[in-house]
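Biologist: Could you take me through a close look at one part of this model? I would like to follow a single residue and what sits around it.

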Amino acid sequence: MASPFLFFPGDPLTESELRAACLDGLLVPLGAGFMHADAAETAWMRAASLRPLLGDALAATRLTAAWIHGALDVEPVRHEVQRAGPRRSTDAQRLSVAYRDMQIDDGDLETIAGVRVTTVARTLADLARSEDPVHLEAASRWRDRDRAAVIRAREWLAGARRFPGKRRAAALLGEASS
């Protein structure tokens, strides 16, 4: 068992047994596993729950990273991941995730519970530069409730090279409430 707080199918209980514990109100689903129903859902718990899914080759990005950082209240239906190492991941194509094959810079990653996650600044900037309305809505909500994250994202944008959507992100983050 990797964690006394998280349970994953086959370690030692089957998925059916874990789901039965959910029906009994003892556990709740979280990421790729389950946690005690009365446990606090923290960034560490959310990240650790994705360890079997991400392994060492992938990093949580965009909505998944925002959820881990606590900017989203509800876990994304489909996790967004990106290659975190120099080698392409063959596993990602078998997983039910939105996978980006471009390697993400180590400087844009942090490690939470052994899982690589884009930093708050990179995550908010990525959401704000997206054309996806779901991403833009998440960025707007995060912008309106976390001034420190907005400041970090603006700094990241100021120091970043050219990339698609940079102006859109700067405009969205420039509208932050005071």
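Modeller: Happily; here is a walk around Arg145. This is a predicted model, in which local features need pLDDT of at least 70 and side-chain atom pairs count only at pLDDT 80 or more, while totals for chains, interfaces and linings use all residues. Residues are numbered from 1 along each chain as its sequence is written, and side-chain values use heavy atoms, with hydrogens and water left out.

Arg145 belongs to helix H6 (residues 133-145); helices here are DSSP runs of H or I with at least four residues, and strands are E runs of at least two, numbered from the N terminus. With a relative accessible area of 47%, Arg145 is partly exposed, because that class lies between buried (under 20%) and exposed (over 50%), using a 1.4 Å probe and protein chains only.

What does Arg145 touch, leaving aside its neighbours within four places in sequence? Its contacts (heavy atoms within 4.5 Å) are Gly70, Ala71, Leu72 and Asp73. At Gly70, the backbone oxygen lies 3.3 Å from a polar atom of the Arg145 side chain. That fits a polar contact, defined as a pair of N or O atoms within 3.5 Å; within protein, one must be able to donate a hydrogen and the other to accept it, and residues adjacent in sequence count only if both atoms are side-chain atoms. Phe5, by contrast, is 140 residues from Arg145 along the chain, and their C-alpha atoms are separated by 29 Å.

Helix H5 (residues 120-129) has 10 of its 10 residues buried, so the rest of the structure largely encloses it. Among them are Arg122, Asp126 and Arg129.
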